[in-house]
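Here is a structure to question term by term. Each answer sets a value against its cut-off.

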Amino acid sequence: MANTMRWTLPSSRSSSPPFMSKTQIANTFDQIAVLLELDGANRFKVIAYQNASRALATLEEDLLIVVKENRVTDIKGIGKGIGGLISEAVLNGSWGNLGELYDKIPPGLIEMTGIPSLGPKRVRLLYEELNIDSLKKLKIACENNKIASLQGFGVKSQEKYLEGIELLRRYQGRSRMDIGLAYGRSLEDKISQIPNVLKAQLAGSARRMRETIGDLDIVLSAKIEHQEKIINQIMNFSGIADVKGQGTSKISLILESEMLAEPIINKELDFSLSENISEKSINSTIDAQIRIVSPEAFPFTLAYFTGSKEHNIRMRQRAIDKGLRLNEFGLFSEKEAGDKIGMEAAKNTLICNSELEIYKNLDMDWVAPELREDMGEIEASLQGVLPNLIKIDDIKGAFHNHTTSSDGAATLEEMANYALKLGWEYLGIADHSESLNIGGRQIGIPSDEIINQSIEINKLNKHFLDENINFRLFHGSECDILSDGKLDYPLEIRNSLSHVIGSVHALGSWRNRDESTNTELLIKAIEDPTFTILGHPTGRILQGREGFPLDMHSILRTMAEFNEEGILKAVEINASPYRLDLDWKFCKYAKEIGVPICINPDAHDTNGLSDVWYGTQIARKGWLESKDVLNTKSGDEIEILFGK
Ligand code: DGT
Ligand code: CA
Ligand code: ZN
């Protein structure tokens, strides 16, 4: 299911030039640069490939025409040698002697570059000094304290690598939700547009809105006489890096970035994100399984491949209890089917035109895909008490956003205007606080400067009021929770703000402490009267780093006690697809004990505001309804809740 880290040169699937696309060549050059570094090649050679890759990625012209007219070396950043390679790839589909480089580098070294903070240069050093050429050897070396004594490495690197190995094992071949969904939607769209395709729908973890996606599953229905032609058309799509298997009812593909309808926008990132993201190699491709079925089988196949496996098992048991058999082909009498299997057994299936009818036949309410994790949805569906899940249109604003006053890329006014464009009633500004600095550079707003932001916000708010625009800015802060559990900024500053989002950033001390100490200190922060919202509660970065140890249930219980007394203490779902922290598995608990949740984009530019969409999907996955989420309330209601 997962794609492996083994790298190969792309082989052409075209029968006439261009045999290789711009993206294929650019991606290959990225790989070459890494391989050359692993090989200890001259730095200029490495840079040449990196530059060529960038030049190709931004080239607007048709590459085939450029090659045919002998103008490749006119492109800025492409020299004679690499230009020749490009022409060869485009016109012949071959790669000179680059294959030797691919064969020469041990695959284990490539795998090691997938560890965040371990670049190719360091991998090579480890190889040369300690003969480490696999994740396994690296792990043993770390555990035996062999890395710490190497020049330029330390105990810290050793710990980071151990954690990185664990993360790799868990995320190997998985993609973040935003990337997986972008691929999934593009493929779904393209397939839907093929003539005679009746339905095409994304299933699997992508439909269930998991925070990371292993492979894409797509189910399409068409009449049997059209299926072969449809399969051929899919095989001719651009953006297929490789074909893993092709049959009459299933195709397995590896997709590459050319499949995407639009390139993924690189958003401005939080400082702590950018330093915890590994080589982009991990996400360069994604696997997809496409299943082709008859219109009658479609709802059953869709439900089956949506999963989860755990949900399916419970569904199948429910069917058995009613004397029925449920599988990807249909829902039918066990007695009638007898020893028959597959389509043969399903011949006399109950007709279901949609998933809803499958559930209905089992006396159940339809279960939204996000909930299909066997976390109580089967029982709730049988009892008719499934939640009425929150929708993106319910969101009226968000509280955790940055501007150029700290590490954001957009000004206060630009952020406000974009929020207005999204149809929001308010935007909470929460730039970093005074203590936050990176490598000596102050990121947060100093105490004596925060007044300037206040003045600017008041001015804009007055303007909205004067112009009769139903929009307001809330002046908050993403206030650092210091390592001793105290909040940053003097009390009088925190008192002057509309909301204080307490966040842990100096993760070092929190990660080196035990769970109970961390929980105690975080509770201390929450108890501070000025504390309003807990920001990215664990500090985890998906595929980047673990969060710090914390008893989340106990934190949430403390917050619930405050809310019982009418004191607002809310927890954030950080909606950045890199974080999605609070984890959806805790949302239901938070809601049940009465802790309000806010879905915060933690935007660092205007595009970042749209991340609330991912947070909303996670909220749905966590069973949340509109009333459970703070930022579905109106601007007036929030003003009362914040008390200013
Ligand atoms: P992923 O791809 O790792 O992110 O997660 P899924 O949930 O997409 O899992 P995948 O791709 O292995 O399979 C897609 C769905 O197919 C899965 O959610 C449920 C169904 N499925 C796969 N294998 C089994 C199985 O052995 N038993 C049952 N009941 N269902 C299965
Ligand atoms: Ca899957
Ligand atoms: Zn933060």
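**Burial, metal and core**

In this predicted model, the residues buried in α27 are Val-612, Tyr-614, Gly-615, Thr-616, Gln-617, Ile-618, Ala-619, Arg-620 and Lys-621.

Q: Why is helix α27 called largely enclosed by the rest of the structure?
A: Buried means under 20% relative accessible area. Nine of the ten residues of α27 (612-621) are buried, so the helix is largely enclosed.

Q: What covers the buried residues of α27?
A: The cover includes the helices α10 (177-192) and α26 (584-593), along with β10 (397-398), β17 (570-574) and β18 (597-600).

Q: What makes Glu-478, His-505 and His-536 donors of the zinc ion (ligand 3)?
A: A donor is an N, O or S atom within 2.8 Å of this metal. Glu-478 (OE), His-505 (NE2) and His-536 (NE2) coordinate zinc at 2.0 to 2.3 Å, so they count as donors. Their spacing along the chain is E-x26-H-x30-H. Glu-478, in strand β14 (472-480), and His-536, in the loop between β16 (533-534) and α25 (552-564), lie 58 residues apart and link distant parts of the chain. Both Glu-478 and His-536 are buried.

Q: Which residues touch the most other members of the largest nonpolar core?
A: They are Ile-191, Leu-220, Ile-234, Ile-290 and Leu-473, out of 98 residues. Helix α10 gives the most to this core, with seven residues. Domain 3 (175-295) and domain 5 (392-642) each supply at least three.

Q: What does Ile-290 touch, not counting residues up to four places away in sequence?
A: Contact means heavy atoms within 4.5 Å. The partners of Ile-290 include Leu-187, Ile-191, Leu-220 and Ile-234.

Technical notes:
Residues numbered from 1 in each chain as written. Chains lettered and ligands numbered in written order. Predicted model: local features only at pLDDT ≥ 70, side-chain atom pairs only at ≥ 80, totals over all residues. Heavy atoms only, no water. Donors = N, O, S within 2.8 Å, 3.2 Å for Na, K, Ca; no water. Helix = DSSP H or I, 4+ residues; strand = E, 2+ residues; numbered from the N terminus. Buried < 20%, exposed > 50% of the residue type's maximum accessible area, 1.4 Å probe, protein only. Core = buried A, V, L, I, M, F, W, Y, C linked by side-chain atoms within 4.5 Å. Domains from an automatic or database assignment.
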